[in-house]
Amino acid sequence: MISRRDLIKTGMAAGAAISIPSLLRAQTSPSTDQTVRMVIDNLSVFDPVVTTADSTYTHAFAVYDTLFGTDSQFAPHPQMVGKWDVSDDRKTYTFELRDGLGWHDGTPVTATDCVASIRRWGQVAPGGQLLMARVRDISKKDDKTFAIALKEPLGALLNILAFQGPFIMREKDANLSPAEQVTANIGSGPFKFNHALARPGASFTYDRNEKYVPRTEAPDGLAGGKIVKVDRVIWDIGLFADQQTALAALHSGEIDFLLAPPLDLLPVIESDPNLELQVLDKAGGDYLLRMNCLQKPFDNVKARQAMLHLVDQEAMMRAAVGDPKYFRTVTSMFGNETPMSNDENTEWFKKGGDPEKAKQLFKEAGYDGEKVVILQPTDWAAASNASQLLAAELRKIGLNAELAPSDWGGVVARRANKGPVEDGGWSIFITTEPEAILGNVITDVTLPMNGESGWFGWPKNDEYEALRVKWADLETLEERKVLARKMQQIWWDYVPSVLLGQSVAPSARRKTLTGLIGVPAWIPFWNMQKAEA
């Protein structure tokens, strides 16, 4: 992790270089008309403040832009910001937007838009909430300049703005409540959302923003120049639910990219000379089940601990992923691959699980036949299979488990319901979180335990939260590792989530599609290019 002093020097240098007007340039037009067709995920919510779904973030990175971006090593770099400075007491940060920023409706991006976007994001995002707790004021200085004044220094401020930080929206959109979805889809990013060609449930179309001015640095992760080299991207939603048909379309050339091909068919892909497998997220992701800590039976810690003992990770991953060469078990809340990964309080792990221990803990929790509703995404085979296995294992130990099948969009909508299952609520859903993100305690949405103001499941533990907030002020890796062990001790006593295993899997693309940028969870549309078939 680089120091605050290094960040300040880097920001000054980058800002000074990028502020030279002669370096500003519009997108270079591709030599031929190019359309890329991709099967990624089911996109049902457009607003990255309303949900943290990976599909929504992929959409947002295409349409909107960010103040800072993280490179492939997760270091922050200016993106919309041209130059910035921090006061000697480290309590006031001043940011000046770079030249050439404009909304897709033709109006200029202003500091007022930035202030409104930060405030809206800050009400719900983990890093934003931490920032807002330290903020004395966020104010516009002039049309291109705004300042964040803090009550006390916050060494992680740039990391917070860069890593899952705010997507900048027009002021009138950012003035909406965080609970009300922004659907205008008018940003300042490298792609324009094509409203005329939007086909909900079938496809969405993104056109190259010819007026977008990328940075001059080379692309690196989510930082650097977002140079668009294709004319149009069509996100095929309809094929996502039928991976077999999607794979056939990839073979025939009807689509160019398939995010998650069926693992049992990878040899078929490898045998096609026109196709190539590519691991974009090399650290992979952790499957986890999230419990609703507000409602029975998981409002009782014994019931949550029971789930920790019930799960047989290898069986779950065989159901979800299949081939053991693509998965392994995981016991640290920070995953297997991050510097924060540790073995504190992991004695619960047992090969094959311990259903008898789970049954006893449910008894101690006073379980009395309450319905346990598991949200089952039928268009995501891995999570659907794991949900079915989980329901079967719960029934074996006497629980009244019920599957609630829907597409992933239905899961995203229903998981926001905090009420009991009788009122449309839920008990459990399965999701994944990128390993690379799990190491970022401040901004990862699954890691806070701040109750109803936090992520779905709404766990609450004040002792843990005090440690998480302290993280923002630590500067050395060793200090953070010590704190990580303390956090994990509390985490596995409380059990807000249960890990199911880690998986690394390739995407499939036609060889004519190159230049894809590998980042955790999301698919940037810039930099990729399509050659003649």
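Strands here are DSSP runs of E, at least two residues long, and they are numbered from the N terminus. By that rule Pro-377 lies in strand 17, which covers residues 371–377. The model on screen is a predicted one.

**Stop 1: Pro-377**

Select Pro-377 and show its surroundings. Is Pro-377 buried or exposed? Buried means under 20% relative accessible area, and Pro-377, at 1%, is therefore buried. Leaving out neighbours within four places in sequence, the residues in contact with Pro-377 are Ala-383, Ser-384, Ser-387, Ser-406, Asp-407, Trp-408 and Val-411. Now add Phe-429 to the selection. Pro-377 and Phe-429 are separated by 52 residues in sequence, while their C-alpha atoms are 8.9 Å apart in space.

**Stop 2: the sheet around strand 17**

Next, switch to a cartoon view. Strands 16, 20, 15, 19, 17 and 18 form an open sheet of six strands, in the order 16-20-15-19-17-18, and the pairing is mixed. Its edges are strand 16 (327–328) and strand 18 (400–406), each of which pairs on one side only.

Start inside the sheet, at the pair formed by strands 17 and 19. These two run parallel and are joined by two bridges. To find the register, select Ile-374, which stands opposite Ile-428 in strand 19.

Move on to strand 15 (residues 285–291). How many of the residues of strand 15 are buried? Seven of its seven are, and the strand is mostly covered. Colour the two faces separately: Gly-285, Tyr-287, Leu-289 and Met-291 point one way, and Asp-286, Leu-288 and Arg-290 point the other way.

Strand 15 has a partner on each side in the sheet order. Strand 19 runs antiparallel to strand 15, with seven bridges between them. A residue pair to display here is Asp-286 with Glu-433, its bridge partner in strand 19. Strand 20 (residues 497–503) also runs antiparallel to strand 15, and six bridges join the two. For this pair, display Arg-290 and Ser-497, which stand opposite each other.

**Stop 3: Thr-431**

Stay in strand 19 (residues 428–434) and select Thr-431. Its relative accessible area is 8%, so Thr-431 is buried. Which residues are in contact with Thr-431, once neighbours within four places in sequence are left aside? They are Asp-286, Tyr-287, Leu-288, Trp-380, Trp-408 and Trp-455. Asp-286, Tyr-287 and Leu-288 belong to strand 15, where Tyr-287 points one way and Asp-286 and Leu-288 the other. Trp-408 has come up before, as one of the contacts of Pro-377.

**Stop 4: the second largest pocket**

Display the second largest pocket, which holds about 660 Å³ of space. To centre the view, select Val-49, Val-50, Val-124, Gly-454 and Phe-456, which lie nearest the pocket centre among its 36 lining residues. Colour the lining by class: 22 residues are nonpolar, twelve are polar and two are charged.

Helix 4 (126–134) and helix 13 (408–414) each supply at least two residues of this lining. Which element gives the largest share of the lining? It is helix 4, with four residues.

**Stop 5: helix 3 and the cysteines**

Select helix 3, residues 111–121. This helix is mostly covered, with nine of its eleven residues buried. The buried set is Ala-111, Asp-113, Cys-114, Val-115, Ala-116, Ser-117, Ile-118, Arg-120 and Trp-121.

Within that set, pick Cys-114. Its relative accessible area is 0%, so Cys-114 is buried. Cys-293 can be selected next; at a relative accessible area of 8%, Cys-293 is buried too. How many disulfides does a search of the whole structure find? The search finds zero.

**Stop 6: strand 21**

The last selection is strand 21 (residues 507–510). Ser-507 and Arg-509 point one way, Ala-508 and Arg-510 point the other way, and all are buried.

Two strands can be shown beside strand 21. Strand 14 (residues 275–278) runs antiparallel to strand 21 and is joined to it by four bridges. On this side, Leu-277 stands opposite Ala-508. Strand 13 (residues 257–258) pairs with strand 21 over two bridges, also in the antiparallel sense. Here Phe-257 has Arg-509 as its bridge partner.

Notes. Residues are numbered from 1 along each chain as its sequence is written. This is a predicted model: local features need pLDDT of at least 70, side-chain atom pairs count only at pLDDT 80 or more; totals for chains, interfaces and linings use all residues. Side-chain values use heavy atoms; hydrogens and water are left out. Buried means under 20% relative accessible area, exposed over 50%, partly exposed in between (1.4 Å probe, protein chains only). Contact means heavy atoms within 4.5 Å. A disulfide is a pair of cysteine sulfur atoms within 2.5 Å. On a 1 Å grid over the protein atoms alone, a cavity is a set of points where a 1.4 Å probe fits but cannot get out, and a pocket is an open set with protein on both sides within 12 Å along at least five of seven lines; lining residues have an atom within 4 Å of a point. Grid points are joined across faces, edges and corners, and a volume is the space filled by probe spheres set on the points. Ala, Val, Leu, Ile, Met, Phe, Trp, Tyr, Cys and Pro count as nonpolar, Asp, Glu, Lys and Arg as charged, and the others, Gly among them, as polar. Two strands pair if DSSP finds at least two bridges between them.
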